[in-house]
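Me: Please take a close look at one helix in this protein and at what surrounds it. I would like the overall layout first, then the detail.

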Amino acid sequence: SSPDSDDQVRSDDRATRPLGSRSLTQQRGRLCFRALRFGFAPADLARRLSMTPVSVHRAARRWLATRLRSLVEPASMPEPPVSPAVAQLLADARSQPYANVGLGEPVEQTLLGHLAQTEAAGWPAAGIEHQRAVAMRVLKNRAHATLTVINLSDVTSADLDGITTDLLWAARLKAELVRAQHLQLFKTIEALTGTRAADLPIAKLSKCYRVANAALIDATDQFDPYKGGRLNAPGSLAMNRAVSRLLSSLDAPVRARPTAVAALRATRIESPSELTRQADDPNHLRDWTRSVWDWQWMLEP
């Protein structure tokens, strides 16, 4: 689900936070983290908060590591006993060719342009999908393991750099797994509407695309590459359910329609102008690859 606005978050914090030194420490850490991301000079921030620049950085690292520890969940792993072949696969997962290349491509800026690009790309290759799915889980689990053992009272830059690298790498892999299923996404929309995607009203296509992509992003976490099969199976089921619910709500009488048919996935990295453009132009496609996990906004440049 999408996070509230910063104003709402501050309001919720005031309403629910407990009194005490720990709460104040967390608030100060959050302030330091966000101020540094917005480009405040550490020395200026330190003067305003009666801290040293070193303490500002330490507070920001502590807050980020604490939040990541609570948000990053371990990925599924093969059940023991693990065969030598599977053990070797896990050991080599990060060095596989497609775990290292073809990542981070920009998203086409228009939905119709993305549709044409997706149709030209065709169906995903099983070998590439498997390499990326395994590597994504290995990286995410390594970051999770590090987060569980680091000393939160004194998080080092080296520890946080390693965690950030693993998580952003895993996010890039997840984005490519999702992107590779977009031909199935458009085929799902076409099957449920009985109309070619390119011939649908752009506003309807945009709504269907957004709810299907959100469902696909979630289904990618549930896909278990160690058990065989393809991401297409859980992905198609999730997209069918999401688009079917949307179409039912659109066909319902006006009074019975929900206020919002689908929430955008969590992201804090869109500017107000970007959100306005998205609302005004259904053909505009936001960069969903930067929000495939709820914690990703904290790590992206």
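Reply: The protein has twelve helices and zero strands. This is a predicted model. In sequence order, the pattern is α-α-α-α-α-α-α-α-α-α-α-α. The chain has 301 residues, of which 41% count as buried. About 15800 Å² of the protein is exposed, and carbon and sulfur atoms supply 54% of that area. Of the contacts between residues at least 6 apart in sequence, 78% join residues at least 24 apart.

The helix chosen here is H4, which covers residues 53–71. H4 has 19 residues, and the distance from its first C-alpha to its last is 27 Å, close to the 27 Å expected at 1.5 Å a residue. The loop between helix H3 (42–49) and H4 contains Ser-50. Ser-50 has a phi near 55°, which is a positive value in a residue other than glycine. The relative accessibility of Ser-50 is 69%, so this residue counts as exposed.

Inside H4, the buried residues are Val-56, Ala-59, Ala-60, Arg-61, Trp-63, Leu-64, Ala-65 and Leu-68. Arg-61 is thus on the buried list together with Leu-64 and Leu-68. In soluble globular proteins, nonpolar side chains tend to be buried together.

Leu-68 deserves a separate look. The largest nonpolar core has 69 residues, and Leu-68 and Phe-186 are those with the most contacts inside it. Helix H8 (residues 157–179) gives this core its largest share, ten residues. Neighbours within four places in sequence aside, Leu-68 is in contact with Leu-147, Ile-163, Leu-167, Trp-295, Met-298 and Leu-299. Two of these partners, Ile-163 and Leu-167, fall within the residue range of H8.

Trp-63 takes H4 into the aromatic pairs. The count of such pairs comes to three. In one of them, the rings of Phe-33 and Trp-63 have centres 5.0 Å apart and planes at 35°, so the pair is tilted. This pair links distant parts of the chain, with Phe-33 in helix H2 (residues 21–37) and Trp-63 in helix H4, 30 residues apart. Both Phe-33 and Trp-63 are buried. In another pair, the ring centres of Trp-293 and Trp-295 are also 5.0 Å apart, but their planes are at 20°, so the pair is stacked. Trp-293 and Trp-295 are both buried. Trp-295 is also one of the contacts of Leu-68 in the list above, which connects this stacked pair back to H4.

The segment after helix H12 (272–280) holds Thr-289. With a relative accessibility of 10%, Thr-289 counts as buried. Its side chain makes a polar contact of 2.5 Å with the side chain of Asp-287. Setting aside neighbours within four places in sequence, Thr-289 is in contact with Val-107, Ala-175, Arg-179 and Gln-296. Ala-175 and Arg-179 fall within the range of H8, the helix that supplies ten residues to the core around Leu-68.

Two further sites lie in other helices. Ser-206 is in helix H10 (residues 202–222). Ser-206 counts as buried because its relative accessibility is 10%, and the cut-off for buried is under 20%. Apart from neighbours within four places in sequence, Ser-206 is in contact with Leu-111 and Pro-282. Ser-206 and Leu-285 are 79 residues apart in sequence, yet their C-alpha atoms are 8.6 Å apart in space.

Gln-88 is in helix H5 (residues 84–92). Gln-88 has a relative accessible area of 44% and is therefore partly exposed. The side chains of Gln-88 and Asp-92 are joined by a polar contact of 2.7 Å.

To return to the helix you asked about: H4 carries Trp-63, which pairs with Phe-33 of H2, and Leu-68, which has contacts with residues including Leu-147 and Met-298. Both Trp-63 and Leu-68 are among the buried residues of H4.

How values were computed:
Residues numbered from 1 in each chain as written. Predicted model: local features only at pLDDT ≥ 70, side-chain atom pairs only at ≥ 80, totals over all residues. Heavy atoms only, no water. Helix = DSSP H or I, 4+ residues; strand = E, 2+ residues; numbered from the N terminus. Buried < 20%, exposed > 50% of the residue type's maximum accessible area, 1.4 Å probe, protein only. Contact = heavy atoms within 4.5 Å. Areas by Shrake-Rupley, 256 points an atom, 1.4 Å probe, with all protein chains shown as cover. Expected span 1.5 Å × (residues − 1). Core = buried A, V, L, I, M, F, W, Y, C linked by side-chain atoms within 4.5 Å. Polar contact = N/O pair within 3.5 Å; in protein donor to acceptor, adjacent residues only side chain to side chain. Phe/Tyr/Trp six-rings, centres within 6.5 Å; stacked < 30°, edge-to-face > 60°.
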